[in-house]
Each structure stands twice: as C-alpha cells, then as structure tokens.
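Trainee: I'm new to this one. Could you walk me through how to read it?

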Amino acid sequence: MATPAVSRAVKGSVVIQTEPSGAMIECDGSPAGRSPFVLDGLAMGEHSLELVLEGYEDCHTALIVTRAEPVMLKKISLERFHGWLKVATQPDTASISVSGPADADLTKRIGNPWTSDKLPIGEYKITAFPPGWHPLTKTVAVKRDELTTVVFDLAPGAVQFTSVPSDASVYQGGRLLGKTPLLLSNVEPGNRSYTLRLESYDDRLTEVEVEPGRMCTLDVALVKTVAKPPSIHRPVARPDVGDRPLRGWDGPPFRFIR
C-alpha cells in the first residue's frame, strides 16, 4: 500500500520598510525587530502588524500573505505627533518668521497674527521684525495635541535720568540725547547702555533693562575727577659712567647710582 505524499506548508516573507526607519515591529503580538526588517516563515493568510517609534503615532495594519505573492515588500510612512502654533505681536506692525524641524511645512506665507496647520512636535524659533527695532526672537516647544501661543509685546518703554550734580550730558553710542534731568520715551525694549558726562567728573556708564510699556528710573551720583600729581622725570644713569663729567656737560661731576 502506497504512503500518501505529505505536502509541505507554504510560507511567505515580508520586507518591512518604514519612513523614518528604526520603528519597533510586532507581528501577531510578538516582537520581531526594528525596521527595516524581514519577516520570514509567515503562514498563508492575514497577520496583524504594529509599528512603534518615539515621537510618532503608533501604526496598526494588516498583512495578507498569499500563494500568489509569497514574498512581498511593505512600505509604511509613520506620522509624527503633531501640535499647533499661534504667533502674534502687539501691535501687529512686525513681520514674522518661523523655523523648526526639517519635516515641518513652513512654506506658506506667515502673516501677523498667524495660526499654523498641524506641525510636527519639536522646537521652533520665532522671530519678529518690528520696524526700526532690532529683531526679537523666542524659542518654544510645540507639544503633542497642544496649541502653543507666542505673543511679542512691542510697546515701547521709557527711561528717566537724574544725576547729582545735574546738567550731565547723556550719550548713547556717541550720540547726545540731552542733559539731566532727562526723560526718554519710545525706547526700544531690551538691554540699553548710556554714558553720563560732566566736566570735572568721571564718565559714568550705566546699563538698564527696558521693559515694554514701563518706565525705568536711573538716579546717578557722579564722582569728582581726582587731579593726578605732576610727573617727575629723573636722568637715567649709565652703567659705564662714574665720577667724571659727561661729554658736553659744563657743571661739576656727579655720581650715577647703579
């Protein structure tokens, strides 16, 4: 009696590629490896596939291995975690630029105010360009499923100067601004340096942090300049000269001390 032939079960293979690579792969609930990866020895039929990568949405999909296609390639693009960004200036007179992760789509025109479409999570740098002022920059983190709001306060500040004695000249970068007592309005916020000068007094350099919409007061006590004593010049001794007159010298001989 002949023994019936035993047919070998057909197995399949699937090549898993992800964008980006490095995703942890689970097939039918069992860890398999990190992408890119080849799943070998898969039985014909449907299999569950899960891909996990930090910073990206988990991906759940199905694989169907058939006799017609026992070896197949599966390419999967993973979706980043996303958040949103809202930027404005007060008043809205400045232009704005935004930079962030390489995969962030920031090609659309950025107005003022501006609310983004979905953005990949990560660090973003926002720069405001107020007319006539230095650029202002803030760095923020866009978090998963959150709206991050950034507001630049462009209200000018003010600085009030008084000095003892008064009538000191106030300079900034070599430009005379006035004499004390002096009130400067419409001052650009930020760290500012000023020099106070008054005849017979030492120059005084002062620094102040000007805040938007607020006035800073500087009370400066000037210090009287101390007169330096006159310099006394003495003849320099020559080591080869003793108790003898110098050439061209009509006075009495004198000793040089070494």
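Mentor: Sure, we'll go from the whole chain to one sheet and then to one residue. Keep in mind that this is a predicted model.

Trainee: How many helices and strands does the protein chain have?

Mentor: Zero helices and 21 strands. The protein chain has 258 residues, and 33% of them are buried. On the outside, about 17,100 Å² is exposed, with carbon and sulfur atoms supplying 53% of that.

Trainee: What share of the contacts joins residues at least 24 apart in sequence?

Mentor: Look at contacts between residues at least 6 apart: 50% of those join residues at least 24 apart.

Trainee: Now a sheet. In which order do the strands of the open sheet of three run?

Mentor: The order is 18-15-21, and the pairing is mixed. Strand 18 (182-187) and strand 21 (215-221) are the edges, each pairing on one side only. On average, neighbouring strands here are turned by 15° against each other, ignoring direction.

Trainee: In what sense do strand 15 and strand 18 pair?

Mentor: Antiparallel, over four bridges, with strand 15 covering residues 157-164. For one spot to look at, find Gly157: its bridge partner in strand 18 is Val187.

Trainee: And a single residue? Is Ser169 buried or exposed?

Mentor: Buried means under 20% relative accessible area. Ser169 has 11% relative accessibility, so it counts as buried. You'll find Ser169 in strand 16, residues 169-172.

Trainee: Which residues does Ser169 touch?

Mentor: Leaving out residues up to four places away in sequence, Ser169 touches Leu176, Gly178, Lys179, Thr195, Leu196 and Arg197.

Note on methods. Residues numbered from 1 in each chain as written. Predicted model: local features only at pLDDT ≥ 70, side-chain atom pairs only at ≥ 80, totals over all residues. Heavy atoms only, no water. Helix = DSSP H or I, 4+ residues; strand = E, 2+ residues; numbered from the N terminus. Buried < 20%, exposed > 50% of the residue type's maximum accessible area, 1.4 Å probe, protein only. Contact = heavy atoms within 4.5 Å. Pairing = 2+ DSSP bridges. Axes fitted to C-alpha atoms, helices over the stretch in contact; angles between N-to-C directions. Areas by Shrake-Rupley, 256 points an atom, 1.4 Å probe, with all protein chains shown as cover.
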